[in-house]
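Could you walk me through this structure in the viewer, one selection at a time? I would like to know what to pick next and what I will find there.

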Amino acid sequence: MAIPDSLARWREFMDERAVEPEQLPMKRLRSLSPEAKEEYDRQRFAWIGADTVLETKDSHPIEKHLRIVQARIGARSATAKRAFAISGRAGLGKSTTVLNLGRKHEWQRRKTLGDGLDVTPVVYAVVPPGATPKMLMRAFATWLGMQVPQRFDAPTITDQVVRVMTEQQTSLVILDEVHNLRTTRTVGAEAASQLKVFTERLDAAFVYCGIDLLTSDLFTGDIGKQIRARTKMYALEPYSFGSEKDRDDWLDLVLGMEDLLPLSNHPEGLLEDEAAYLFHRTGGSIGSLRGLLGDAAIEAILSGRERVDRALMDEIILDEEAVHRTSESATTDRAPRRGRARKSG
């Protein structure tokens, strides 16, 4: 899932008026003119591919730990500020997690400050591969829509970015793909040092997000030790299917994603009995589950079936990482097919 790559897209994502397309019953769907049906399908395809988020098993513990980090931000201290990091392999829901964190923080701050104010409570940037200090700071400036002359060096860009973020009352900074900071190389070490200086100049909580961060360059070496000492790390793990709680957590995720499918002939809870099947096909990966259900929903729309069932999902080709995980676990015992009883009300 793609994170919004600009302030304009972020604000569009934050707009509470952006709602799911109306789920038309089959009779009404068939009554649409070809032009109206094409436009309705276009809206549905856009919704399926959009940055929609939902709660996961990690949402509440991550929010708890981040609140502790945020509570320390306002304190005047001679020691370095604390940061928060979310680590995990690809497909475990890091993007879903940071979007959820950012959305909740933005809504809370706008409620506190007043929704009409021109503020930017959340800033998001991606660390480019081989990042230099200048490239890193330019990533923040680009996301903010700032026009930065090529002649500006990293300290100058930092001054400009800090000024804008301070004026915009930014209080949460999300830095994604931080495993791209290669501190074992000179430019990477310089970029990490620039990041350290940058964090000290802002009264904002920093959230780092990346793949297998404990073994990444950013948290090794002399500079890495300094960063690691001031960073709380939360490691995302794949969903499991072993205990009853594990199965309940997975089913909640499946049903949550099912609720987002804008289909006209898909009864609520149709996928409840397919929870085990979906787990074994995706290996407990949020990204793979989202991809499978999204692709199946698109095919359901294109084919006119308007529902996602086992037969349709069997036709969908998975991402290669999910295929690899499935082949690795092929020798394990197959979990029972049925999910838990759906709660009434």
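Here is a short tour of this predicted model, from the sheet to the aromatic rings.

**The sheet.** Start by selecting the five strands, which make an open sheet with parallel pairing, ordered β2-β3-β4-β1-β5. At the edges you will find β2 (122–126) and β5 (231–235), each paired on one side only. On average, neighbouring strands here are turned by 20° against each other, direction ignored.

Now zoom in on β2 and β3 (residues 172–176), which run parallel and are joined by five bridges. Pick Ala125 and look across to Leu175, its bridge partner in β3.

**A helix on the sheet.** Next, show helix α4 (residues 59–73), which packs on the sheet and touches β1 (83–87), β3, β4 (205–210) and β5. The direction of α4 makes about 160° with that of β1.

**The rings.** The whole structure holds five aromatic pairs. Select Phe140 and Phe198 for a tilted one, 4.9 Å centre to centre with 45° between the planes. Phe140 sits in helix α6 (residues 133–143) and Phe198 in helix α8 (residues 186–200), so this pair ties together parts 58 residues apart in sequence. Phe140 is buried, at 0% relative accessibility, and Phe198 is buried at 0% as well.

Then move to Tyr239 and Trp250, an edge-to-face pair at 5.5 Å centre to centre and 65° between the planes. Tyr239 lies in the loop between β5 and α10 (244–258), while Trp250 belongs to helix α10. Add Phe241 and Phe279 to your selection: ring pairs link them with Tyr239 and Trp250 into a cluster.

Finish with Lys57, which lies over the face of Tyr239, 5.0 Å from the ring centre.

Conventions. Residues numbered from 1 in each chain as written. Predicted model: local features only at pLDDT ≥ 70, side-chain atom pairs only at ≥ 80, totals over all residues. Heavy atoms only, no water. Pairing = 2+ DSSP bridges. Helix = DSSP H or I, 4+ residues; strand = E, 2+ residues; numbered from the N terminus. Axes fitted to C-alpha atoms, helices over the stretch in contact; angles between N-to-C directions. Contact = heavy atoms within 4.5 Å. Phe/Tyr/Trp six-rings, centres within 6.5 Å; stacked < 30°, edge-to-face > 60°. Buried < 20%, exposed > 50% of the residue type's maximum accessible area, 1.4 Å probe, protein only. Lys NZ or Arg CZ within 6 Å of the ring centre and 35° of its normal.
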